[in-house]
Amino acid sequence: MTFQTEIEQPEDFGARGPSRRAVEVVVSLLLIGLAAAVLWDSYGRGAGWDGGPQSGFFPARVGWLFLAGSVFLLVQAFREKAEVLVTWAQLAMVAKVFVPL
């Protein structure tokens, strides 16, 4: 007697879907935009040190670290092989759960 431990999916070797590189590039570009918004706002508030830290000092430093990490992820995304991250059928199953939420 055998027990099935995981749900078996039909393997479609010709299945297509978004590539890992494309997903990582899109996410890293969104994070770069978020870091740019943080830096814009921080320097608008004052990110210097004039008799003590101004209100944008700490957010600006965190924004620069965030930007550096995002650029690193973007560079790494182009160094990896472009392979399918998830098939459209698998993504549809995940969307059936998360879209109603």
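Helices are DSSP runs of H or I comprising at least four residues, numbered from the N terminus. In the predicted model, Gly 46 lies just after helix α1 and adopts a positive phi of about 110 degrees.

The secondary structure of the chain consists of 3 helices and 0 strands, arranged along the sequence in the pattern α-α-α. Of the 101 residues in the chain, 20% are classed as buried. The accessible surface amounts to about 8,200 Å², with carbon and sulfur atoms contributing 66%. When contacts between residues at least 6 apart in sequence are considered, 69% of them link residues at least 24 apart.

Helix α1 covers residues 20–45 and contains 26 residues. At 1.5 Å a residue, a helix of this number of residues should span 38 Å, and the end C-alpha atoms of α1 are indeed 38 Å apart, so the expected and computed values agree. The buried residues of α1 are Val 25, Ser 28, Ile 32, Ala 35, Leu 39 and Ser 42. These buried residues pack against α2, which comprises residues 57–79.

Ser 42, located in helix α1, has a relative accessible area of 2%. Because buried status requires a value under 20%, Ser 42 is assigned to the buried class. With neighbours within four places in sequence set aside, the contacts of Ser 42 are Ala 47, Gly 56, Pro 59 and Ala 60.

Methods. Residues numbered from 1 in each chain as written. Predicted model: local features only at pLDDT ≥ 70, side-chain atom pairs only at ≥ 80, totals over all residues. Heavy atoms only, no water. Helix = DSSP H or I, 4+ residues; strand = E, 2+ residues; numbered from the N terminus. Buried < 20%, exposed > 50% of the residue type's maximum accessible area, 1.4 Å probe, protein only. Contact = heavy atoms within 4.5 Å. Areas by Shrake-Rupley, 256 points an atom, 1.4 Å probe, with all protein chains shown as cover. Expected span 1.5 Å × (residues − 1).
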